[in-house]
Amino acid sequence: MMIISIVKLIHMGGTMSRLVDKILAFDNVVFLLSAILSYASMRYERRAVHLENMADTVFIVGLICMTVASLVLSLEIF
């Protein structure tokens, strides 16, 4: 959310701003899904290992998305 605010404050170019906004919006949903899966793994013992593995994978996808958004933002600023 903080990066979205920074993008708005620096008035980044239209296309790149929208791209970063969309990546970060998707990233927020990915991290939410990771948190839900992690919580579910604590609640449902029979499926705990499977849910934990899914949560880990989704979390890594979220980190990759965040890195891509940060790189796009960094390269656009400079």
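This is a short tour of the structure, stop by stop, with something to select at each one.

**Whole chain.** Start with everything shown as cartoon, and keep in mind that this is a predicted model. You should see 3 helices and 0 strands, so to speak an α-α-α run from the N terminus on. Of the 78 residues in the protein chain, 29% are buried. Take the contacts between residues at least 6 apart in sequence: 63% of them join residues at least 24 apart. Switch on the surface and you are looking at about 5,800 Å² of accessible area, with 69% of that belonging to carbon and sulfur atoms.

**Colour by confidence.** The protein chain has a mean pLDDT of 85, and 79% of its residues reach 70 or more. Now select residues 2-10: that's helix α1, where confidence is lowest, at a mean of 59. Where pLDDT is low, the predicted coordinates should not be read in detail. Jump to residues 48-77 for the other end of the scale, since helix α3 has the highest mean, 91.

**The largest core.** Select V20, I23, L24, C65, A69, V72 and L73, and show side chains. These 7 residues are the largest nonpolar core. Helix α2 (14-43) and helix α3 each supply at least two of its residues, with α3 giving the most, 4 residues. In soluble globular proteins, nonpolar side chains tend to be buried together.

**A second core.** Next, pick L37, L51, A55 and V58. They are among the 6 residues of another core, which lies apart from the largest one.

**S34.** Stay with A55 and V58 on screen and add S34, which is found in helix α2. Is S34 buried or exposed? S34 is buried, because its relative accessible area is 7%, under the 20% cut-off. Leaving aside neighbours within four places in sequence, S34 is in contact with A55, V58 and F59.

**Out to the surface.** F59 leads to the last stop. Select F59 with I60, L63, I64 and V68: together they form a nonpolar patch on the surface, with about 420 Å² of accessible area. Finish by zooming in on V68, which is found in helix α3. Its relative accessibility is 38%, so V68 counts as partly exposed.

Note on methods:
Residues are numbered from 1 along each chain as its sequence is written. This is a predicted model: local features need pLDDT of at least 70, side-chain atom pairs count only at pLDDT 80 or more; totals for chains, interfaces and linings use all residues. Side-chain values use heavy atoms; hydrogens and water are left out. pLDDT is the predictor's confidence in each residue, from 0 to 100. A nonpolar core is a set of buried Ala, Val, Leu, Ile, Met, Phe, Trp, Tyr and Cys residues joined through side-chain atoms within 4.5 Å. Buried means under 20% relative accessible area, exposed over 50%, partly exposed in between (1.4 Å probe, protein chains only). Patches are made of residues with over 30% relative accessible area and no salt bridge: like charges are joined within 9 Å, nonpolar side chains (Val, Leu, Ile, Met, Phe, Trp, Tyr) within 5 Å. Accessible areas come from the Shrake-Rupley method with a 1.4 Å probe; for residues, only the protein chains shown count as cover. A salt bridge is a side-chain nitrogen of Lys or Arg within 4 Å of a carboxyl oxygen of Asp or Glu. Contact means heavy atoms within 4.5 Å.
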